[in-house]
Amino acid sequence: MSLGSGIEVIADKNRVEKKQSYNEMVKEDFNILSTSYDRINLFMSLGTDKQFRYLAIKHLIAAREDHGDLNTWIDIGTGTGHLANELFLQKPDVYIVAMDITQGMLGFCKDRNAHVEGSMDLVLGDASRLPFRERAFDGGFSGFVGRHFTDYSKTLKEHHRIIRPLGRYSMLEMGRKATPLAPLIDVYVGQMMSMLGRLAAFIVTRGSAPFRLLEETYARFHSPKQLSKLFDGAGFKSWYKTGLMGSIVIMLGIRKPDTHKR
Ligand SMILES: C[S@@+](CC[C@H](N)C(=O)[O-])C[C@H]1O[C@@H](n2cnc3c(N)ncnc32)[C@H](O)[C@@H]1O
């Protein structure tokens, strides 16, 4: 498309292409990693991920401000279904849509066993364009997926759209502390994590996993304060808990009540 003075609007086209190709890379890598994902996860987190998943769900359902129903949930980027499973363990009477962009990962959700027949559906979809009507869910959550949001603010607004007013939202993700030493820590942790990730992926997939994602995604880790701003901007009232010296963030949010008449 051309503007005045013959200026071409190509930035937007590039962005779309970059995003599409990023999602293609995500699907390709996670399809290969899916069979080993749980083991790599255990290795990388030294088993701490279980505790943080437990806490993310505990804080999410313990939020006191909302007295409405908490029946319908969405696990965005469910992967092999660990967080959805944790919600079933803590609150067995719910219905969850477990959604992911990677078919291979979704295939392993069935292996989690806390749900009962009819209480979970698997949906293939993109976190930035959710195929659901407005206010469809009482709550939503995601674990270690924010790193793949190519446009954080837009994606959080999309999640806000499908949660009902006063519904709940939680995001579990790695964080980075906003200190003067942050750039040094970034280099150290970013490179260490990439190296460990590559090593783990190499070992468990016997060299077949490309594992290109960590370096790119590390740049998208935010401090809790930055995440709070993004949550507030998307329309959530937010607060957070941190763990492992700020390297894990559990963001929590309540969708603010609508102030305008529909
Ligand atoms: C690091 S895994 C986390 C999986 C799971 N939530 C957990 O806690 O173990 C990231 C997952 O996000 C999915 N993902 C990445 N980008 C996505 C997107 N745009 N929409 C939906 N899922 C996405 C990947 O396919 C992968 O399954």
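These are my notebook entries on a predicted model of a single chain and its ligand.

**Entry 1. Overall make-up**

I began with the secondary structure and found nine helices and seven strands in the chain. I then looked up burial: of the 262 residues in the chain, 35% are buried. For the contacts I took pairs with a separation of 6 or more, and 73% of these join residues 24 or more positions apart.

**Entry 2. The ligand shell**

Which residues are closest to the ligand? I noted Gly77, Gly79, Thr102, Ala127 and Gly143 as the closest, out of 19 residues that surround the ligand. Sorted by class, the shell holds nine polar, eight nonpolar and two charged residues. I next asked which helices contribute. Helix H1 (11–33) and helix H4 (82–90) each give at least two residues to the shell. The largest share is three residues, and it comes from H1.

**Entry 3. Helix H4 and its cover**

Since H4 had come up at the ligand, I checked its burial. H4 is mostly covered, with seven of its nine residues buried. I listed the buried ones as His82, Leu83, Ala84, Asn85, Glu86, Leu87 and Phe88. What lies over them? The cover of these buried residues includes helix H3, strand E1 (72–76), strand E2 (95–100), E3 and strand E4 (137–143).

**Entry 4. H3 against H4**

I followed one part of that cover, H3, which spans residues 48–62. Its axis and that of H4 come within 9 Å and cross at roughly 55°. H3 is therefore oblique to H4. The crossing of the two is right-handed. From H3, I recorded Arg53, Tyr54, Ala56, Ile57, Lys58 and Ile61 in the contact. From H4, the partners are His82, Leu83, Glu86, Leu87 and Gln90. By class, the residues of this H3 and H4 contact are six nonpolar, three charged and two polar. The contact positions recall a general rule: an α-helix has 3.6 residues a turn, so residues three or four places apart point the same way. I also noted that His82, Leu83, Glu86 and Leu87 of the contact are listed among the buried residues of H4.

**Entry 5. H6 against H9**

I looked up a second helix pair, H6 (residues 152–161) and H9 (residues 224–234). How do their axes lie, parallel or oblique? The axes come within 8 Å and cross at roughly 50°, and H6 and H9 are therefore oblique to each other. This crossing, too, I entered as right-handed. On the H6 side the contact uses Tyr152, Ser153, Leu156, Lys157 and His160. On the H9 side it uses Leu230, Phe231, Gly233 and Ala234. Five nonpolar, three polar and one charged residues make up the contact of H6 with H9.

**Entry 6. Gly243**

I turned to single residues, beginning with Gly243 in strand E6 (residues 236–243). Is Gly243 buried or partly exposed? I counted it as partly exposed because 15 other C-beta atoms lie within 10 Å, and a buried residue needs 20 or more. Leaving out residues up to four places away in sequence, Gly243 touches Phe52 and Ile248. I also checked Gly175, 68 residues away along the chain: its C-alpha atom and that of Gly243 are separated by 9.4 Å.

**Entry 7. Phe108**

Phe108 sits in the loop between helix H5 (103–106) and strand E3 (120–124). It has 18 other C-beta atoms within 10 Å and is therefore partly exposed. With residues up to four places away in sequence not counted, Phe108 touches Ser34, Thr80 and Gly81. Asp38 is 70 residues from Phe108 along the chain, and their C-alpha atoms are separated by 9.7 Å.

**Entry 8. Positive phi**

Last, I looked at backbone angles. Arg135 is not a glycine, yet its phi is positive, at about 60°. I placed Arg135 in the loop between E3 and E4. It counts as partly exposed because it has 16 C-beta neighbours inside 10 Å. Leu166 is also not a glycine and has a positive phi, of about 70°. Where is Leu166? Leu166 lies in strand E5 (residues 163–174). With 16 other C-beta atoms within 10 Å, Leu166 is partly exposed.

How values were computed. Residues are numbered from 1 along each chain as its sequence is written. This is a predicted model: local features need pLDDT of at least 70, side-chain atom pairs count only at pLDDT 80 or more; totals for chains, interfaces and linings use all residues. A residue is near a molecule or strand if its C-beta atom, placed from the backbone, lies within 6 Å of it. Helices (H or I, at least four residues) and strands (E, at least two) are DSSP runs, numbered from the N terminus. Ala, Val, Leu, Ile, Met, Phe, Trp, Tyr, Cys and Pro count as nonpolar, Asp, Glu, Lys and Arg as charged, and the others, Gly among them, as polar. A residue is buried if 20 or more other C-beta atoms lie within 10 Å of its own, exposed if 12 or fewer, and partly exposed in between; C-beta atoms are placed from the backbone. Two residues are in contact if their C-beta atoms, placed from the backbone, lie within 7 Å. Axes are lines fitted to C-alpha atoms, for helices over the stretch in contact, and angles run from 0 to 180 degrees between N-to-C directions. Angles under 35 degrees count as roughly parallel, over 145 as roughly antiparallel, 65 to 115 as roughly perpendicular and the rest as oblique. A crossing is left-handed if the near helix is turned anticlockwise from the far one by less than a right angle, and right-handed if clockwise.
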